[in-house]
Structures are given as structure tokens and as C-alpha cells.
Amino acid sequence: MSYQEKNITVSLVSYLLIMGYYLVKLFQMFQEGGLVSTKLFSLWALVILATIIVNIIASILTNIVLTIVEAIKAQKYDEPRFIADERDQLIGLKGIRSSYITFSVGVLVSVLAFAFGQPPLVMISLIIFFAIAAEIIGDISQIYLYRRGF
Amino acid sequence: MEKCQVRNNIRKLRFHHDEMTQEQLAVKVGVTRQTIIAIEGAKYPPSLVLAFRIALVFGVHLGEVFSYDPEDESNQTINKTS
């Protein structure tokens, strides 16, 4: 497994955890009698911040851990070759395309839900759900392309 | 998995260059070993710049490293339509 694949896997796991947390909290709100705007606003803020911060921290930690592991394996410190070459960039672009398609469909579904009488809170909740889902789909498609041998 | 129409002799050329490893070739042309594996297995067609770099490492013309097989393309088109 290349460095890029490991990085994407860590990113995927962090997005899955955030998505799990978001869905559990939403489900709890529904069970407690519906969406409460004050609670929902703080949940959105938390999820959006977590999506940004967790991903950055995960990326830095992955880099550090992989450098240490490589140094232990080689019994000496070499400048790590964590380069993203043309194939990595192409796979990255394909992943971004999958993310955009998923997010576009998600925004359409959210707006349609609003148009058919759902409250704005549901629409924004759906948009945030699809934003995280888009990142997950993007990461999965990249891992698939790496595994398939593109 | 579809293979690309660009064939190559990288395995043979590596053998004739003191059994150069994929990692050594990857370092010389500035890509990852996974990319060399994909190119060698005809699963990824390299960019023109990378193809020239690989040919330069082996000291041969581009045509001696890579070849294009248009029949493969027509076979793939037939398979897709059938």
C-alpha cells in the first residue's frame, strides 16, 4: 500500500467516524421529538469544524507515523519519498469528480425536499450529510482506483 | 480490468540494465514504485514526459520502450459494443 493510499484510508476512516457521529446525533434529536434549531446549529458547527480539523490532524499524524515506520524499517533516516506523481494526481482528480457528482446530486435532493414541504433545517441537514458522503465516496473511488491497478 | 493499448519493454530493459529494480527506476524518473508497476503491467499509459524520461534512463529511443497497438483499441471497442 502506497503512502497516498494510506493517507486516503486514514481520511476515509475519519470521515466515516464523523458521519457516524452526525447520524447518531440527528437520530437522537428525532427520537427526542424533532429537530431543535439551537442544538442543530451547534451540531452543524461541530461537524463542519471536525471535518476540517480532524482531516488536517490525521494527515499530519499519518505523515509523522509513516516517516518513523519507514526509518525503523530501513534502520536509518532517509528523506521520505512521499511524492504525488502524475498517476496519483489523476486518481485524485477522478476522486474529486466522484465527490462533486455525489454532492451535486445531494444538493438537488435537499432542494427538492425543501420544495416538497420539508423545513429548511432538514434541507441544511441533508446538505451537510451529502457533503460528508461526497468526501467518503471520493475517498472510496480513489482507493478503488489504486486497488484495481489504474 | 481493461489493459491500455500502450505496450512496453520496461521489464526487458530493466533486465538488461543490471536487473534494475522498479524502485530504482521509480527514483530515477521521479515517480512512485506503484506507478512503475502499473506502467509495466500496461494498466496505466504514462504521460509523454514520463515516457521520455523512462527512455532516457535506458538510453534508448521512445519507440524501443513503448509501442502502440491500434488493434487492441478496435478489439476493446468491439467488446464494449457487443
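Which residue with a positive phi follows H3(B)? In this predicted model, H3(B) is followed by Ala42(B), whose phi is near 55 degrees, and the views below take up this residue together with other parts of chains A and B.

**View 1. Ala42(B) and the loop that follows H3(B).**
Ala42(B) lies in the loop between H3 and helix H4 (48–58) of chain B, and its phi is positive, about 55 degrees, although the residue is not a glycine. Because Ala42(B) has 18 C-beta neighbours inside 10 Å, it counts as partly exposed. The C-alpha atom of Ala42(B) is separated by 21 Å from that of Gly59(B), which stands 17 residues apart from it along the chain.

**View 2. Glu19(B) in the loop between H1 and H2 of chain B.**
Glu19(B), which is not a glycine, has a positive phi of about 50 degrees. This residue is found in the loop that joins H1 to H2 of chain B. Glu19(B) is classed as exposed because 8 other C-beta atoms lie within 10 Å, a number that falls in the range of 12 or fewer set for exposed residues.

**View 3. Helix H3 of chain B and its surroundings.**
The buried residues of H3(B) are Gln34(B), Thr35(B), Ile36(B), Ala38(B) and Ile39(B). Their cover includes helix H3 (86–115) of chain A, and, from chain B, strand S1 (6–8), helix H1 (10–16) and helix H2 (22–29). In chain B as a whole, 23% of the 82 residues count as buried.

**View 4. The packing of H2(B) against H3(B).**
The axes of H2(B) and H3(B) are 8 Å apart, and the two helices pack at an angle of about 105 degrees. H2(B) and H3(B) are therefore roughly perpendicular to each other, since this class takes in angles from 65 to 115 degrees. From H2(B), the contact is made by Gln22(B), Glu23(B), Leu25(B) and Ala26(B), and from H3(B) by Arg33(B), Thr35(B), Ile36(B) and Ile37(B). Sorted by class, this contact of H2(B) with H3(B) has four nonpolar, two polar and two charged residues.

**View 5. The side of chain B that touches chain A.**
Eleven residues of chain B are in contact with eight residues of chain A. On the chain B side, the largest share comes from helix H3 (residues 33–40), which supplies three residues. The classes on that side are five nonpolar, five polar and one charged residues.

**View 6. Chain B, with six helices and two strands.**
Along the sequence, the elements of chain B follow the pattern β-α-α-α-α-α-β-α. Of the contacts in chain B with a separation of 6 or more, 62% are accounted for by residues 24 or more positions apart.

**View 7. Helix H1 of chain A, residues 3–31.**
This helix has 29 residues and reaches 42 Å from its first C-alpha to its last, close to the 42 Å expected at 1.5 Å a residue. Buried in H1(A) are Tyr3(A), Gln4(A), Asn7(A), Ile8(A), Ser11(A), Ser14(A), Tyr15(A), Ile18(A) and Tyr22(A). An α-helix has 3.6 residues a turn, so residues three or four places apart point the same way. The cover over the buried residues of H1(A) includes H2, H3 and H4 of chain A. Just after H1(A), Gly33(A) takes a positive phi of about 115 degrees.

**View 8. The crossing of H2(A) and H4(A).**
Helix H2 (residues 37–74) and helix H4 (residues 120–148) of chain A have axes that come within 11 Å and cross at roughly 15 degrees. Because angles under 35 degrees count as roughly parallel, H2(A) is roughly parallel to H4(A). The crossing in which H2(A) passes H4(A) is left-handed. In H2(A), Ser37(A), Leu40(A), Trp44(A), Val47(A) and Thr51(A) meet Leu121(A), Ile124(A), Ser125(A), Ile128(A) and Ile132(A) in H4(A). By class, the contact of H2(A) with H4(A) has seven nonpolar, three polar and no charged residues.

Note on methods: Residues numbered from 1 in each chain as written. Chains lettered and ligands numbered in written order. Predicted model: local features only at pLDDT ≥ 70, side-chain atom pairs only at ≥ 80, totals over all residues. Helix = DSSP H or I, 4+ residues; strand = E, 2+ residues; numbered from the N terminus. Buried ≥ 20, exposed ≤ 12 C-beta atoms within 10 Å, placed from the backbone. Contact = placed C-beta atoms within 7 Å. Nonpolar A, V, L, I, M, F, W, Y, C, P; charged D, E, K, R; others polar. Axes fitted to C-alpha atoms, helices over the stretch in contact; angles between N-to-C directions. Parallel < 35°, antiparallel > 145°, perpendicular 65-115°, else oblique. Left-handed = near helix turned anticlockwise from the far one by under 90°. Expected span 1.5 Å × (residues − 1).
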